[in-house]
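Biologist: I have some labels to check against their cut-offs. Show me the model, and let us go through them.

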Amino acid sequence: MRWQAVVTLAVVLDAATQSLPQFVWAAQADQVTRGRYVFALAGGCGCHTAEGGQVNAGGRPLKTPYGTFYGTNITPDPAHGIGQWTDQQIIDSIRLGVRPDGSVVSPVMPYSAFSGMSDEDVTALVAYLRSLPAAARANQSHDLQVPFAGLAMWVWRGLFFTPLPPPAPAPAGGVERGRYISEHVAHCQECHTPRTRTGTLDRALYLAGNAAGIDGEATPNITPDKQTGVGDWDEDDIVSLLQTGFLPNFDNVQGLMALVIEGVPEGGYKDMTKEDALAVAHYLKSVPAIVHEVEDK
């Protein structure tokens with residue numbers, strides 16, 4: 001009887017072992033799927049894909065008042081990308097703005113916004129980034145008008161960046177879900193809020209538009225002000241914009257906004273679920289209305 005029990009136990013353990021890789025693979029696949037959606041909510045991380053280039057291989061120029069930044073290679077390439085970084089090192093780069101070698105990421109990469117991304121979302125995003133093809137494309141040096149740029153980025157981070165605690169799960173479809181997407185994943189404020197002389201967001205004009213945006217583009221006021229913002233839009237108008245790129249007057253957006261809506265081939269705002277797009281609309285309708293006319297410079 002004893003040998004029969006041993007044989008039975010061996011069979012059970014063998015069956016469990018055989019099923020384990022399938023279970024792990026399914027869990028990983030679910031995480032990659034979630035990460036792809038987070039990637040879409042972040043506008044396809046479009047700053048890291050050059051026009052006509054491989055997804056996330058870097059090289060896209062971003063013109064700012066401080067000079068031109070070039071998106072970095074965030075593919076799994078071991079020499080030029082993140083292939084040799086640990087998951088935690090990638091997460092620290094996304095949420096804390098620090099690379100594995102201790103250098104600081106340029107604040108044009110909105111780590112101050114991503115700092116508030118949930119553990120589940122940032123972990124899934126890393127799994128998705130690792131699932132994409134590697135590209136052996138060297139990173140391009142930034143062309144900046146700031147002396148001692150590396151030191152300046154350290155100083156800026158030390159003065160103006162405070163890490164945020166991971167958020168509690170927000171109710172689906174509510175204002176808090178919309179706030180989370182808008183502020184910490186889609187990072188709307190990074191383009192739609194003007195900057196101070198130190199490069200920080202001017203919170204007094206939060207989401208009220210920026211005449212001196214990236215690539216010299218003026219970004220509109222998206223607060224609920226009826227004269228200078230989107231106060232006359234209903235929530236379905238906002239949802240339509242996010243998912244199609246069309247304005248209520250049937251014109252379509254251009255430039256960087258068009259890029260983040262359409263996304264790289266892997267996804268952009270257009271892939272946002274109706275529920276999440278409505279949550280963003282709820283949130284934008286809830287922020288204080290600010291009178292601020294934005295004109296192209």
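Biologist: How many salt bridges does a search of the whole structure find?

Modeller: Ten, over the whole structure. Keep in mind that this is a predicted model.

Biologist: Take Arg 60 and Asp 215. What makes this pair a salt bridge?

Modeller: The closest N and O atoms of Arg 60 and Asp 215 are 3.9 Å apart. The cut-off is 4 Å, so the pair counts.

Biologist: Where do the two partners lie in the chain?

Modeller: In distant parts, 155 residues apart. Arg 60 sits in the loop between helix 1 (2-41) and strand 1 (61-64). Asp 215 sits in the loop between helix 7 (189-192) and helix 8 (235-244).

Biologist: Is Arg 60 buried or exposed, and how do you know?

Modeller: Its relative accessible area is 16%. Buried means under 20%, so Arg 60 is buried.

Biologist: Why is Asp 215 called partly exposed?

Modeller: Asp 215 has a relative accessible area of 28%. That value falls between the 20% and 50% limits, so the label is partly exposed.

Biologist: What makes Asp 119 and Arg 95 a salt bridge?

Modeller: Their closest N and O atoms are 2.9 Å apart, within 4 Å, so the pair qualifies. Asp 119 is in helix 4 (residues 119-131) and Arg 95 in helix 2 (residues 87-96), 24 residues apart.

Biologist: Which labels do Asp 119 and Arg 95 get for accessibility, and why?

Modeller: Arg 95 has 14% relative accessibility, under 20%, so Arg 95 counts as buried. Asp 119 has 36%, between the two limits, and therefore counts as partly exposed.

Biologist: How do you know that Arg 179 and Glu 176 are separated by about one helical turn?

Modeller: Both are in helix 6 (residues 175-185), three residues apart; therefore the separation is about one helical turn. They form a salt bridge, with the closest N and O atoms 3.2 Å apart. Arg 179 is partly exposed at 31%, and Glu 176 is partly exposed at 41%.

Biologist: Now the nonpolar patch on the surface. Which residues form it?

Modeller: Phe 148, Leu 151, Trp 154, Val 155, Leu 159 and Phe 160. Together they have about 680 Å² of accessible area.

Biologist: What makes Phe 160 accessible enough for a patch?

Modeller: Phe 160 has a relative accessible area of 39%. Patch residues need over 30%, so Phe 160 meets that condition. Phe 160 lies in helix 5 (residues 149-160).

Biologist: And the whole chain: what share of the residues counts as buried?

Modeller: 43% of the 297 residues.

Conventions:
Residues numbered from 1 in each chain as written. Predicted model: local features only at pLDDT ≥ 70, side-chain atom pairs only at ≥ 80, totals over all residues. Heavy atoms only, no water. Patch = residues over 30% accessible without salt bridge, like charges linked within 9 Å, V, L, I, M, F, W, Y side chains within 5 Å. Areas by Shrake-Rupley, 256 points an atom, 1.4 Å probe, with all protein chains shown as cover. Salt bridge = Lys/Arg side-chain N within 4 Å of Asp/Glu carboxyl O. Helix = DSSP H or I, 4+ residues; strand = E, 2+ residues; numbered from the N terminus. Buried < 20%, exposed > 50% of the residue type's maximum accessible area, 1.4 Å probe, protein only.
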